[in-house]
Amino acid sequence: MTLYVKETLELPSEKIEERFNLEKNEGASIGMVGYPASGAIGKGAIFTNKDSISILVGVYLNQIIDKGLNPYLLMERLKQHPLVKRLIEGAKTVEFQAHTIPKGGYEQIPQLSASGILVTGDAAIMISGRRGTDLAMLTGRFAGETAAQAKAAQNFSEEMLTTYDKKVKTSFFMKDMKASKGAKKYYEQHPDADFLLSKAANDTAYEYFTVDLLPFSMKFDKIIGELKNMQPLPKTISDIYHGYLHWGVF
């Protein structure tokens with residue numbers, strides 16, 4: 001289970017287009033890992049609306065409890081990041097929301113239909129990485145089509161409604177979820193994965209692209225030294241390898 005908080009900030013469309021380098025009626029969505037969740041397993045995001053900006057932070061509930069995190073303070077911390085602060089400068093908060101999302105993965109998907117019942121959206125664990133709202137709409141569409149067929153036949157039996165199950169199970173996102181069914185175990189074994197991998201990538205890129213007077217060999221040694229200081233190098237290599245295998249739709 002993850003808890004997501006979302007703040008919507010009002011800002012004129014002209015300023016949004018200017019700050020996000022957008023054409024008129026064009027939008028932007030930015031996903032973030034590592035920093036927003038403050039070392040816990042979670043994600044952050046910024047996306048533009050017509051005349052407002054939405055900022056999200058989501059963290060696993062058990063980590064919020066174990067690490068003593070405060071979702072509101074995580075949001076405030078993210079808003080103060082230099083790259084975020086300049087995007088929302090002068091914006092007025094108009095809405096604050098929170099939503100608990102079940103991210104159990106493929107193995108936790110419940111029975112999707114029974115006599116007179118169809119289960120859709122996050123009630124059916126239809127969450128695939130950062131995709132949730134669109135999958136809720138898609139499973140809702142599948143359910144609507146199935147319900148229309150059942151009404152036409154005046155048959156709402158479990159056998160009739162299994163059409164919905166077939167539509168969901170042959171969908172593109174179900175294939176992705178099934179392929180990543182080992183991700184839950186990965187996150188249980190690597191609870192610091194998001195933070196460590198993103199920090200290693202950021203620190204390495206920052207050092208590599210910093211223009212200084214060091215020869216490349218010394219710069220490379222410095223990068224390796226910083227990675228070793230973060231944690232034992234074999235663990236970093238193992239984290240990257242297992243992250244490559246499992247980091248994704250879960």
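**Charges, strands and exposed loops**

Visitor: How many positive and negative side chains does the protein chain have, and what makes a side chain count as one or the other?
Guide: The protein chain has 30 positive and 29 negative side chains. Lys and Arg count as positive, Asp and Glu as negative, while His and the chain ends are left out. The centres of the two sets lie 3 Å apart, with each charge placed at NZ of Lys, CZ of Arg, CG of Asp or CD of Glu.
This is a predicted model, in which local features need pLDDT of at least 70, side-chain atom pairs count only at pLDDT 80 or more, and totals for chains, interfaces and linings use all residues. Residues are numbered from 1 along each chain as its sequence is written, and side-chain values use heavy atoms, leaving out hydrogens and water.

Visitor: How many helices and strands are there in the protein chain?
Guide: There are 11 helices and 7 strands. These are DSSP runs numbered from the N terminus: H or I over at least four residues for a helix, E over at least two for a strand. The C-alpha trace spans about 80 × 45 × 35 Å along its principal axes.

Visitor: What makes β2 (29–33) and β5 (92–101) edge strands?
Guide: Let's start with the sheet. Five strands form an open, antiparallel sheet in the order β2-β3-β4-β1-β5. Each of β2 and β5 pairs on one side only, so they are the edge strands; pairing takes at least two DSSP bridges between two strands.

Visitor: How do you know that β1 (residues 2–10) and β5 pair?
Guide: They share 9 bridges in the antiparallel sense, and at least two are needed, so they pair. One example is Glu7, whose bridge partner in β5 is Phe96.

Visitor: What links β3 (residues 42–48) to β2 and β4?
Guide: β3 pairs in the antiparallel sense with β2 over 5 bridges and with β4 over 7 bridges. On the β2 side, Ile30 stands opposite Ile46 in β3. On the β4 side, the bridge partner of Thr48 is Ile53, and β3 and β4 form a hairpin with 3 residues between them.

Visitor: Why is β3 called mostly covered?
Guide: In β3, 6 of the 7 residues are buried, meaning that each has under 20% relative accessible area (over 50% is exposed, in between is partly exposed; 1.4 Å probe, protein chains only). In the whole protein chain, buried residues make up 39% of the 250 residues.

Visitor: Why is Lys178 called partly exposed?
Guide: Its relative accessibility is 46%, so Lys178 falls between the buried and exposed limits. Lys178 is found in helix α7 (residues 172–179). The C-alpha atoms of Lys178 and Gly105 are separated by 8.3 Å, although these residues are 73 apart along the chain.

Visitor: Why is Asn25 called exposed?
Guide: Asn25 has a relative accessible area of 70%, which is over the limit for exposed, so the label fits. Asn25 sits in the loop between α1 (13–19) and β2. Phi of Asn25 is near 65°, a positive value in a residue other than glycine.

Visitor: What makes Gln154 exposed, and where is Gln154 found?
Guide: With 60% relative accessible area, Gln154 also passes the exposed limit, so it is called exposed. Gln154 is found in the loop between α5 (133–153) and α6 (158–169), and its phi is near 50°, a positive value in a residue other than glycine.
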